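Thanks for making time. I would like to go through one model, starting at a single residue and working through the helices to the surface.

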Amino acid sequence: RTKDQVMQALIDATVLDVPKAMMEQEIQVLQEMARNRFSAYGMPVNNDTPLPAEVFEAQAQRRVTLGLILGELVKANGLHARPEQVRALVDQQAQSYEKPEELVKWYYGSPERLRELESVVLEENVVEWALGVAKAQEKAITFDELMGYNERASK
């Protein structure tokens, strides 16, 4: 299974009411990220450029839900990113550079950059844990169900 499949399975298996304030905050983060992307592509944008919140609701819902689930799993199962795991990821990234030590210094020179790698390690720890406790269950389905034809026909 891929990381995305495991994360979706965690969301699907969890009933959770997402706090409205967290949703609103995440929508604002996503709106800002969109403005930055538009600006990077040369489109004139500023903080007053309207970006409807509805456009970002589904993505914000997923991100907040997943964040809450992962936070609880990490606390309950001790899945924190350990320093040696982060260092191994830094070293792995650095191997493709002519001067690997410069990339290592670059990552360790900024708490923000290091946190990005800690997040990657954390997600890997959660996926590994989930795959270790998950139980696969065989289910017979028709070809149409597999291909999603029944869902499309009902929409």
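**Helices, cores and salt bridges**

Let me start with Asn77, which sits in helix H3. This is a predicted model, so everything I quote is computed from its atoms. Asn77 has a relative accessible area of 34%, so the residue is classed as partly exposed. As a distance to keep in mind, the C-alpha atoms of Asn77 and Glu116 are 21 Å apart, with the two positions 39 residues apart along the chain.

Now the interior. Which residues have the most contacts inside the largest nonpolar core? They are Met7, Leu10, Leu70, Leu73 and Val126, in a core of 13 residues. Helices H1, H3 and H6 each contribute at least two residues to this core. The largest share is that of H3, with 5 residues. Nonpolar side chains tend to be buried together in soluble globular proteins.

Val126 gives a view of the packing. With neighbours within four places in sequence left aside, Val126 is in contact with Leu10, Leu70, Leu73, Val74 and Leu79. Another core lies apart from this one. That other core has 10 residues, and Val90, Leu103, Val104 and Leu117 are among them.

Next, helix H5, residues 100–108. Leu103, Val104 and Tyr107 are buried in this helix. How are the buried residues of H5 arranged when seen down the axis? They fall within an arc of 105 degrees, so they line one face of the helix. The cover over the buried residues of H5 includes H4 and H6.

On to charges. The count of salt bridges comes to 7, and I will show three, beginning with Glu123 and Lys3. The closest N and O atoms of that pair are 2.6 Å apart. Glu123 is in helix H6 and Lys3 is in helix H1, residues 3–12, so the salt bridge ties together parts that are 120 residues apart in sequence. Both ends are partly exposed: Glu123 has a relative accessible area of 26%, and Lys3 has 40%.

The other two pairs each stay inside one helix. Lys75 forms a salt bridge with Glu72, with 3.3 Å between the closest N and O atoms. These two are 3 residues apart in helix H3, residues 57–77, so about one helical turn separates them. An α-helix has 3.6 residues a turn, so residues three or four places apart point the same way. Is Lys75 buried or exposed? Lys75 is exposed, because its relative accessible area is 60% and the cut-off is over 50%. Glu72, at 47%, counts as partly exposed.

The third pair is Asp91 with Arg87, where the closest N and O atoms are 2.9 Å apart. Asp91 and Arg87 lie 4 residues apart in helix H4, residues 83–94, which is about one turn of the helix. Asp91 is partly exposed at 30% relative accessibility, and Arg87 is partly exposed at 36%.

Last, the surface. Ile141, Phe143, Leu146 and Met147 make a nonpolar surface patch of about 410 Å². Where is Ile141 found? Ile141 is in the loop between helix H6, residues 111–133, and helix H7, residues 143–147. Ile141 counts as partly exposed because its relative accessibility is 42%.

That is where I will stop.

Notes. Residues numbered from 1 in each chain as written. Predicted model: local features only at pLDDT ≥ 70, side-chain atom pairs only at ≥ 80, totals over all residues. Heavy atoms only, no water. Patch = residues over 30% accessible without salt bridge, like charges linked within 9 Å, V, L, I, M, F, W, Y side chains within 5 Å. Areas by Shrake-Rupley, 256 points an atom, 1.4 Å probe, with all protein chains shown as cover. Salt bridge = Lys/Arg side-chain N within 4 Å of Asp/Glu carboxyl O. Buried < 20%, exposed > 50% of the residue type's maximum accessible area, 1.4 Å probe, protein only. Arc of directions from axis to C-beta. Contact = heavy atoms within 4.5 Å. Core = buried A, V, L, I, M, F, W, Y, C linked by side-chain atoms within 4.5 Å.
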